[in-house]
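Opening the notebook on this one. I want to look up charge pairs, the core and one helix packing.

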Amino acid sequence: MTERFGVPAPSMSAEAVLRTLAEDPSDAFEEALASADAHREALVDRLLEALARGLADPRSASKEEASLFSYALYLLAKWREPRAYPYVIRWLSLPEEEPFDIAGDVVTQDGGRILAAVYDGNLEPITSLIVNRDALAVESADNEALEVFPELRRAYDEGLVDPQCIGPSELDEVETMPRGDMVRKMRERHPPISDVAAATAWWDRSSESDDDRGGYADDDNGWGRDAGEFVEVAEPYRAPPKIGRNESCPCGSGKKYKKCCGR
C-alpha cells in the first residue's frame, strides 16, 4: 500500500470491505479494516444502514448481518461518528437478550466505550440506561464513588442488587485500594477504540465448532426440507462467544471475567 495524507491506499474496494466484514474470514478481516479507513466517507452511511437493519429484527439477524453490525459499531466508534449515537442507544436499550442476539458479548465487553466514542453531546438518551440498580452498583465501584457505598450495602441487604454483578466484598476491596487506583485501572482496561483489529482480538473467528456441523431439519425451520432430513444448519450468530462470569477474562488480566471486563 502507498500512503496519501497519512492514510494507506486501500487494497480493497468499499464493497469488498463490506462483503469481507460480513463474512469475517480469519485471514482477510485485518486487510478489510485497513482499507476501511481509506473508504471512510463512502462507508459511514453504509455502516449506519447496517446498524438500522440489525436493530429492525435482532433475533432473526443472519450471521453475515450480525458480523457487519458488530464491525460497524467498532468502526463508527473509531471514527467518533456522532450519527451512530442514536443507533447505539437503541442497541443497548433492546429488551432481554436482544442486544446479545445481534452483537454477542460486545455488549458487556465494549458497549460502554462504543457509546462514549459516538456520544453527540445529548445526555438525555443515556438516562434510561443508567437508571439500573445493578449497573449503578458496578459503575459506582469502578469510579470509586465511596460516598454511595453505604446505600449500596443497604440495597444488598434488601435484595435490590444482584450480587452476581458485583458483591459487597468487591466494595470492600475498592475501599482498601489507594485512591485513584480503580479509576486508573478502568482507563487502562477501556482505552478509546483506535485499532478495530486489536479491539476485536478477543472474538472467536473459528469457522466451525463441534456444534456447528449439521442438524435435523423440521417443518418449521424455514429451510423447505422434509421433517427428519439431515441438512447443514447454520447456528444463530453471536459475534463473540458467551463468557462465563467465573471464567478467566479474555483480556488477559488473570482475573475472573465477572471481576474484570464483565463488570
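Is Arg59 buried, partly exposed or exposed? I looked it up, bearing in mind that this is a predicted model. Arg59 comes out as partly exposed, because its relative accessibility is 49% and that class runs from 20% to 50%.

**Entry: the partner of Arg59.** I found Arg59 in a salt bridge with Glu96, 3.4 Å from N to O. The two sit 37 residues apart, Arg59 in the loop between H3 and H4 and Glu96 in the loop between H5 and H6. Glu96 has a relative accessible area of 67%, so I put it down as exposed. The pair isn't on its own: a network of salt bridges links Arg59, Glu96, Glu98 and Asp101.

**Entry: other bridges.** My list for the structure has 12 salt bridges. I picked out Lys78 with Asp37, at 2.7 Å from N to O. This one ties helix H4, home of Lys78, to helix H2, home of Asp37, across 41 residues of chain. Both ends count as partly exposed, Lys78 at 23% relative accessibility and Asp37 at 26%.

Next I checked Asp45 and Arg83, whose closest N and O atoms are 2.9 Å apart in a salt bridge. Asp45 is in helix H3 and Arg83 in the loop between H4 and H5, with 38 residues separating them. Asp45 is partly exposed at 39%, and Arg83 is partly exposed at 44%.

**Entry: the core.** Then I turned to the nonpolar side. The largest nonpolar core has 52 residues, and Leu47, Leu73, Tyr74, Leu76, Trp91 and Val106 touch the most other members. Elements giving two or more residues include H1, H3, H5 and H13. H4 gives the most, 10 residues. I followed Leu73 beyond its neighbours within four places in sequence, and there it contacts Leu51, Val88, Trp91, Ala103, Val106 and Ile114. Another core of 12 residues lies apart from the largest one, with Ala141, Tyr156, Val161 and Val174 among its members.

**Entry: H4 against H7.** How do the axes of H4 and H7 cross, and at what distance? They come within 9 Å, at an angle of roughly 35°, and the crossing is left-handed. On the H4 side I noted Ser70, Leu73, Tyr74, Leu76 and Ala77; on the H7 side, Val106, Asp110, Ile114, Ala117 and Val118. Sorting these contact residues gave me eight nonpolar, one polar and one charged.

Definitions and conventions. Residues numbered from 1 in each chain as written. Predicted model: local features only at pLDDT ≥ 70, side-chain atom pairs only at ≥ 80, totals over all residues. Heavy atoms only, no water. Core = buried A, V, L, I, M, F, W, Y, C linked by side-chain atoms within 4.5 Å. Buried < 20%, exposed > 50% of the residue type's maximum accessible area, 1.4 Å probe, protein only. Helix = DSSP H or I, 4+ residues; strand = E, 2+ residues; numbered from the N terminus. Contact = heavy atoms within 4.5 Å. Axes fitted to C-alpha atoms, helices over the stretch in contact; angles between N-to-C directions. Left-handed = near helix turned anticlockwise from the far one by under 90°. Nonpolar A, V, L, I, M, F, W, Y, C, P; charged D, E, K, R; others polar. Salt bridge = Lys/Arg side-chain N within 4 Å of Asp/Glu carboxyl O.
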